[in-house]
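Visitor: Hi! Could you walk me through this structure in plain words?
Guide: Happy to, let's take a look together.

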Amino acid sequence: MQSDTLKRFDRLVSILIQLQSKKIVKAQEIAERFQVSHRTIYRDIKTLENAGVPVFGEAGSGYSLVDGYRLPPVMFSKEEAASFLAADKLMQNFSDKGLGKHFESAVLKIRSVLRGSEKDWLANLETYISVHHRIAQSNTAVPNAMELLMESLATQRQIVLQYQAIKDDVAQERRIEPVGIFHENQYWYLLAYCHLRQDYRQFRLDRMHQIKPSDLPYTQKHPLTVAEYINQKQAPRNIKVRILIDRIIANYLQYDKHHYGFVSEQEKGTKKEMTFMIADNDGGFVRWIVMYADYAEIIEPIELKEKIKSILIKGLEQLEK
């Protein structure tokens, strides 16, 4: 019983912190976070109101606090601070310098509210965490690319890019309306409406040579979210591929298999039979499997064997020159 009371107290404090994190928080968001029913959340909100917390609720909208109401500074546990420490290491390697610097500043503020013993614990832990990433996330000429793009997204203002596509020798000017940012295949991308192309395009951050903010508002009512765009751009996977591969070698495929349309696998003695669904003319899958050609047997389709043979023959020809 006492344990349930403590759990409810922790949940009430967490709900109050969550209400401070956004202007409006829906009951559905709170219920999903704590994995409880809507009825439980309604009771918790009522408890906060009875305790004098100025919570306002509107049907179909959500809950909000009176503007200006704040809790005293939040104390972090050492485990929570450790999670920020790990995130800081990732931010320094997987974002541009500008955003990484802002996150580092935020982590310093978190450290400042820790108790002395927890600061020592965190400082000791820091020496054991290291992240290395050799792919540049943005062009060094635009170290604050993400910050500028996020500002554009928040204010719904157009920006002007100097952008060098992979097929171009020089950068071209593009006036765009950012829709969202996403990370895919080790690079950061911007989804935006391009006025030059009169269509939606994705732009890789490391190919941006210059970003100029603009006072021009968006002209389009963008129907797509980033998640919807990513789902739509996936080519239809309509070709079934089955391979038989050495079971130990199959372990090396675990890191990339989902990117190449992995469906299922089953044990076949000392081997594994793996099934994939790929798109027409998916050259990426073929070249990926070529790396394991001496360990993998193509069960189906037969056409895939011919494509692999063709690549290997051309490779031999290049070696013999």
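**Glu273 and its surroundings**

Guide: Let's begin with Glu273, which lies in strand E10, residues 271-278. Keep in mind that this is a predicted model.

Visitor: Okay! Is Glu273 buried or exposed?

Guide: Glu273 is buried, because its relative accessible area is 10% and buried means under 20%.

Visitor: Which side chain does the side chain of Glu273 make a polar contact with?

Guide: That partner is the side chain of Arg242, at 3.0 Å.

Visitor: And what else is Glu273 in contact with, leaving aside neighbours within four places in sequence?

Guide: Apart from those neighbours, the contacts of Glu273 are Arg242, Ile243, Leu244, Ser264, Glu265, Gln266, Lys268 and Ile299.

Visitor: Let's switch to salt bridges. How many does the structure hold?

Guide: There are 11 salt bridges in the structure. One of them joins the side chains of Arg247 and Glu267, at 3.5 Å from N to O.

Visitor: Where do Arg247 and Glu267 lie?

Guide: Arg247 is in helix H9, residues 247-252, and Glu267 is in strand E9, residues 262-268, so this pair ties together parts that are 20 residues apart in sequence. Arg247 is partly exposed, with a relative accessible area of 37%. Glu267 is partly exposed too, at 47%.

Visitor: You listed Glu265 among the contacts of Glu273. Which residue does Glu265 form a salt bridge with?

Guide: Glu265 pairs with Lys272, and their closest N and O atoms are 3.3 Å apart. Glu265 is partly exposed, with a relative accessible area of 30%, whereas Lys272 is buried, at 10%.

Visitor: Cool. What about a salt bridge inside a helix?

Guide: Try Lys309 and Glu306, whose side chains meet in a salt bridge of 3.9 Å, N to O. They are 3 residues apart in helix H11, residues 302-320, so about one helical turn separates them. Lys309 is partly exposed, with a relative accessible area of 47%, and Glu306 is partly exposed at 46%.

Visitor: Which residues do salt bridges that share partners join into one network?

Guide: That network is made of Arg242, Lys268, Glu273 and Glu300. You've met Glu273 already, in strand E10.

Visitor: New topic: pockets! How much space lies in the second largest pocket?

Guide: The second largest pocket has about 250 Å³ of space.

Visitor: What classes of residue make up its lining?

Guide: The lining of the second largest pocket has 5 nonpolar, 1 polar and 6 charged residues. Strand E6 gives the largest share of that lining, with 4 residues.

Visitor: Can you name some of the lining residues for me?

Guide: Sure: among them are Tyr163, Lys167, Arg174, Tyr189, Gln202, Phe203 and Arg204.

Visitor: Let's zoom in on Arg204. Where is Arg204 found?

Guide: Arg204 is found in strand E6, which covers residues 199-204.

Visitor: Why does Arg204 count as buried?

Guide: Because its relative accessible area is 13%, and buried means under 20%.

Visitor: And what does Arg204 touch?

Guide: Not counting residues up to four places away in sequence, Arg204 touches Tyr163, Tyr187, Trp188 and Tyr189. Its side chain and that of Asp206 are also joined by a polar contact of 2.8 Å.

Technical notes: Residues numbered from 1 in each chain as written. Predicted model: local features only at pLDDT ≥ 70, side-chain atom pairs only at ≥ 80, totals over all residues. Heavy atoms only, no water. Helix = DSSP H or I, 4+ residues; strand = E, 2+ residues; numbered from the N terminus. Buried < 20%, exposed > 50% of the residue type's maximum accessible area, 1.4 Å probe, protein only. Polar contact = N/O pair within 3.5 Å; in protein donor to acceptor, adjacent residues only side chain to side chain. Contact = heavy atoms within 4.5 Å. 1 Å grid on protein atoms, 1.4 Å probe; cavity = no way out; pocket = protein on both sides within 12 Å on 5 of 7 lines; lining within 4 Å. Points joined across faces, edges and corners; volume = space filled by probe spheres on them. Nonpolar A, V, L, I, M, F, W, Y, C, P; charged D, E, K, R; others polar. Salt bridge = Lys/Arg side-chain N within 4 Å of Asp/Glu carboxyl O.
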